[in-house]
Amino acid sequence: MITVRFAPSPTGNLHIGGARTALFNYLFAKHTGGKFILRIEDTDKERSKKEYEENIFASLKWLGMHHDELYRQSERMHIYKDYASKLAKSENTYKCFCTREELDKKRQLFEKMKRSYKYDGTCRKLSRAKGDKLKESGKPFVVRFKMPEEGETIINDLVRGKITFDNKELDDIILERTDGVPTYNFCVVIDDALMKITHIIRGEDHISNTPRQIQLYKALGFELPEFAHIPLILGSDKTRLSKRAGAAAVTEYEDDGYIPEAVINFLALLGCSYSPTEEIFPLGELIKRFNLPHVNKSAAIFDFTKLDYLNGYYIRQKTEAEIAALVRPFLIKAGITPGEELLLKVVKLEKGRLKKLTDILDSKYFFKEVKEYDTAGFEKYFKDPVKIALLEIYRKEAEGVSFEATNLEVFTKSFAEKNGKKLGELVHPVRLALTGKLISPGLFEVMETLGKELCLKRLEAVISLK
RNA sequence: GUCCCUAUAGACUAAGGGUUAGGUCACCACCCUUUCAAGGUGGCUGUAGGGGUUCGAAUCCCCUUAGGGACGCCA
């Protein structure tokens, strides 16, 4: 059975790049009828936090990715211990008594000499007896893995093909810290093997870890899984995704008014294609079409305009009731508690115009008094007493009109004609008076939704500016 | 610095030896129209550069350049 895993460390909120890695794993699992495992890699006690773990759960849930199994590495320490002692017995590891300070010094020295740093193997050369003696003396130590010093390690990557590393480049990685807690490279290998992960799909940033891990597989006698390293996402400045350029937490996208359908579709498109001619694919369709060979090798740049487009598209696919429910929390956050009936009417008008759910705040005027007017619009329409006078007549005549959109349109058009004006000469100032803005949904629909009373009142407010 | 990876328009991608290099977003124009969207029609931009291999190269090879990643008692 095909089994994949997403293995985040709870040292921060789930960000968009992590979500994409999760998505590719999820799509692959579901496409093949396989299993999607979520594994929390919380071996770094200092930085791992429960709140981040919860953020990861919430984000995945929001995106609609459900895991089949859940593990936490912090609950599996005894397993790693077993394998550590197994490796020690087979002489694949050694105790290293070099202190952090000593190592730092060496690193700095290498840097000064413009040479690449690699652990020099000081303690690898230590005799067993000497090592045991040092241990008994109470000197703290870490456990290192003896990397092969010759030959090469080859990754047969499902995305990139063959990647070759000279074993000389591999240094003796630390398996156990001074406090006995195992490190990432050790835990992943054991977990992936024990959880029978068949395909490791992860970011390109892990390529250089892979040969080290392959050596561990070999030393532990585990069967190798398949590897697929997916390209990273770059920010709009072509450098590593930074917060400014899009690397926000998934939950921040939610707060910004994006909907999961759009985020999923957008992320799936970065670094992968599903059709030569189409790009709109909901999750179910992505699952049907996903395939590792379709994943491409180059890093993709995060582009908000496309996300916005997709978000608008998916919003338009929803029913008005659904949109109302989605948009309501954003209004409430802005201090507006909309009545259901009015909200539904507003959504009907705004539906085709929303890119983000937060855009609903552009139509605050349905729920709140208009207190200020667009400055340019004010100059253009409200400064001239002649124009105001026209509005005054319009207002007066509107009193006797039934406020349905079609009816208002007929009335306004004939009013304009009667007064020798173009329709626009009326529509724009009226819009400004009713909404405070130069831009809104169709004016007559807006008027109908606002109702006669409010419309007349707002027109009056402008007339009295005179 | 060392090792590794990558390179099709402003962005995401298709074509994996033979296509007028296709699609999507963005952009521009027009249509629709009371504004903005949405929708419709049309258009603009591209194989990083240089060498090879080949009858033929975006595609295969080499070099250059550019970008990214890794080099932690982080994951």
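A residue is called buried under 20% relative accessible area, exposed over 50%, and partly exposed in between, with a 1.4 Å probe and protein chains only. The model toured here is predicted, and local features need pLDDT of at least 70, side-chain atom pairs count only at pLDDT 80 or more, and totals for chains, interfaces and linings use all residues. Residues are numbered from 1 along each chain as its sequence is written, chains are lettered from A and ligands numbered from 1 in the order in which they are written, and side-chain values use heavy atoms, with hydrogens and water left out.

**Stop 1: Lys-196 and Glu-91**

Select Lys-196 in the loop between H6 and E9. Helices (H or I, at least four residues) and strands (E, at least two) are DSSP runs, numbered from the N terminus. Lys-196 is exposed, with a relative accessible area of 61%. Its phi is positive, about 55 degrees, although Lys-196 is not a glycine.

Move next to Glu-91, in the loop that joins helix H3 (77-89) to strand E4 (93-96). Glu-91 also is not a glycine, and it has a positive phi of about 60 degrees. Is Glu-91 buried, partly exposed or exposed? With 42% relative accessibility, Glu-91 is counted as partly exposed.

**Stop 2: the domains of chain A**

Colour chain A by domain: domain 1 (3-71 + 183-233), domain 2 (78-176), domain 3 (320-366) and domain 4 (375-463). These bounds come from an automatic or database domain assignment. Between the C-alpha centres of domain 1 and domain 3 there are 38 Å.

**Stop 3: RNA strand B**

Show RNA strand B together with the residues near it, where a residue is near a molecule or strand if one of its heavy atoms lies within 4 Å of it. Which residues come nearest to RNA strand B? Of the 65 residues around the strand, they are Arg-160, Arg-177, Thr-178, Gly-271 and Thr-277. By class, this surface has 22 nonpolar, 21 polar and 22 charged residues. Ala, Val, Leu, Ile, Met, Phe, Trp, Tyr, Cys and Pro count as nonpolar, Asp, Glu, Lys and Arg as charged, and the others, Gly among them, as polar.

On the RNA side, sugar or phosphate accounts for 75% of the atoms of strand B within 4 Å of the protein, and bases for the rest. Zoom in on Arg-160, where a polar side-chain atom lies 2.4 Å from a sugar or linking oxygen of RNA strand B. At Glu-41, a polar side-chain atom is 2.9 Å from a sugar or linking oxygen of the strand. Ser-440 approaches a base: one of its backbone N or O atoms lies 2.5 Å from a base nitrogen of RNA strand B. Two or more residues of the surface near RNA strand B come from each of helix H4 (100-112), strand E7 (161-166), strand E12 (300-301), helix H11 (304-316), helix H17 (423-435) and helix H18 (443-450).

**Stop 4: the largest pocket**

Pockets are found on a 1 Å grid over the protein atoms alone: a pocket is an open set of points where a 1.4 Å probe fits, with protein on both sides within 12 Å along at least five of seven lines, and lining residues have an atom within 4 Å of a point. Grid points are joined across faces, edges and corners, and a volume is the space filled by probe spheres set on the points.

The largest pocket has a volume of about 1200 Å³. Select Pro-8, Ser-9, His-15, Asp-205 and His-206, the closest to its centre of the 41 lining residues. At least two lining residues come from each of strand E1 (3-6), helix H1 (16-32), helix H6 (184-194) and strand E9 (199-203). H1 gives the largest share, five residues. The lining has 16 nonpolar, 14 polar and 11 charged residues.

**Stop 5: the second largest pocket**

The volume of the second largest pocket is about 680 Å³. Select Arg-100, Val-142, Ile-174, Arg-177 and Thr-178, which lie nearest its centre among 29 lining residues. H4 and strand E5 (142-145) are the elements that give two or more residues to this lining, and the largest share, five residues, is that of H4. Domain 1 and domain 2 each contribute at least three residues.

**Stop 6: two buried residues**

Select Arg-72 in strand E3 (residues 69-72). Arg-72 is buried, with a relative accessible area of 17%. Its side chain and that of Glu-53 are joined by a polar contact of 2.7 Å; such a contact is a pair of N or O atoms within 3.5 Å, and within protein one must be able to donate a hydrogen and the other to accept it, while residues adjacent in sequence count only if both atoms are side-chain atoms.

Finish at Ala-433 in helix H17. Ala-433 is buried, with a relative accessible area of 0%. The C-alpha atom of Ala-433 is 8.2 Å from that of Val-370, 63 residues apart along the chain.
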